[in-house]
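This report looks at how the helices of one protein chain are packed and how selected residues sit within that packing.

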Amino acid sequence: MKEISERRSIRKYKSNAVTKKDIETIIQAGILAPSAKNRQPWKYIIYTNTAKDNLLDVMEKGLLRERDGDKLLPKSQNCLPDAFHTLKVMREAPVLIIIENIYGQSPYIDIDTDNRITEICDTLSIGASVQNILLMATGLGYGTLWIANTCFAYKELIDFIGTKGQLVGAIALGIANESPNPRPRKAISEVLEFRYGI
């Protein structure tokens, strides 16, 4: 419960490097997550230094394309300013973890209902894995930010990464340079319902 209650979404990072050993420990925690049918659909690609810079330059091109040209997510344009802010956060964090569903397909292609259900199950599994990663990072003294704004530059990023899987998102990782207060949470009475049988 300590890591669960202390975890925060960090948007300011110190420049200190994260050791390879700590990265491996953090990812190992993700590997231990439960997954539907034990499919273990996750893959994590670590970007640091110039490799991270190059990846984020590609993401920036995708965000600019989304803003100024061919809009892949036309109904989500109000979220673009946040995506540009997230890009700055990603540049500041010393480590970026790309999250891939190795069995997934592009969200821009149609799939049948059976495959959609499998995709949902895989996404749930990856969510459990990512939560383990965030909590282990917190326990080791690091800050993290779980990022979905990669969606705006999906095609550019997937081409650059060179994968056939589905880009799910990213995690920024590093030593926090801020101590945000906890965000408001719904009361348990709003989200919990008991239905008693006889």
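The text below takes the helices in turn and then three individual residues. The model is a predicted one, and each value given here is computed from it.

**Helix H2**

Helix H2 comprises the twelve residues 20-31, which at 1.5 Å a residue should span 16 Å, and its end C-alpha atoms are indeed 16 Å apart. Its buried residues are Asp 22, Ile 23, Ile 26, Ile 27, Ala 29 and Gly 30. Seen down the axis of H2, these buried residues fall within an arc of 150°, so they line one face of the helix. An α-helix has 3.6 residues a turn, so residues three or four places apart point the same way. The buried residues of H2 pack against strand S1 (42-48), strand S2 (95-101), helix H5 (113-139) and strand S4 (166-174), whereas on the other side of the helix Lys 20 and Lys 21 are exposed.

**Helices H3 and H4**

The 20 residues of H3 should span 28 Å at 1.5 Å a residue, and the distance of 28 Å between its end C-alpha atoms agrees with this. Buried in H3 are Lys 52, Leu 55, Leu 56, Val 58, Met 59, Gly 62, Leu 63, Arg 65 and Glu 66, and what covers them includes S1, H4, S2 and helix H6 (154-161).

How are H3 and H4 oriented to each other? Helix H3 (residues 49-68) and helix H4 (residues 80-92) pack at an angle of about 170°, with their axes 10 Å apart. Since angles over 145 degrees count as roughly antiparallel, the two helices are therefore roughly antiparallel to each other. By class, their contact has nine nonpolar, no polar and eight charged residues. On the H3 side the contact residues include Lys 52, Asp 53, Leu 56 and Met 59, and on the H4 side they include Leu 80, Phe 84, Leu 87 and Arg 91.

**Helix H5**

H5 has 27 residues and reaches 39 Å from its first C-alpha to its last, close to the 39 Å expected at 1.5 Å a residue. Its buried residues are Glu 119, Asp 122, Ser 125, Ile 126, Ser 129, Val 130, Ile 133, Leu 134, Leu 135, Ala 137 and Thr 138. Among the elements that cover these buried residues are helix H1 (2-6), H2, S1, S2, S3 and S4.

**Three residues in their settings**

The table sets out the accessibility of one residue from strand S3, one from helix H2 and one from helix H4.

| Residue | Relative accessible area and class |
|---|---|
| Thr 144 | 2%, buried |
| Lys 20 | 62%, exposed |
| His 85 | 40%, partly exposed |

Thr 144 lies in strand S3 (residues 143-147) and is buried, because its relative accessible area of 2% is under the 20% cut-off. Not counting residues up to four places away in sequence, Thr 144 touches Arg 8, Ser 9, Ile 10, Tyr 13, Leu 134, Ala 137, Ile 171, Ala 172 and Leu 173. Two of these, Leu 134 and Ala 137, are also listed among the buried residues of H5.

Lys 20, in helix H2, is separated from Glu 119 by 99 residues in sequence and by 31 Å in space, C-alpha to C-alpha. His 85, in helix H4, and Asn 149 are 64 residues apart along the chain, and their C-alpha atoms are separated by 9.8 Å.

Note on methods: Residues numbered from 1 in each chain as written. Predicted model: local features only at pLDDT ≥ 70, side-chain atom pairs only at ≥ 80, totals over all residues. Heavy atoms only, no water. Helix = DSSP H or I, 4+ residues; strand = E, 2+ residues; numbered from the N terminus. Buried < 20%, exposed > 50% of the residue type's maximum accessible area, 1.4 Å probe, protein only. Contact = heavy atoms within 4.5 Å. Expected span 1.5 Å × (residues − 1). Arc of directions from axis to C-beta. Axes fitted to C-alpha atoms, helices over the stretch in contact; angles between N-to-C directions. Parallel < 35°, antiparallel > 145°, perpendicular 65-115°, else oblique. Nonpolar A, V, L, I, M, F, W, Y, C, P; charged D, E, K, R; others polar.
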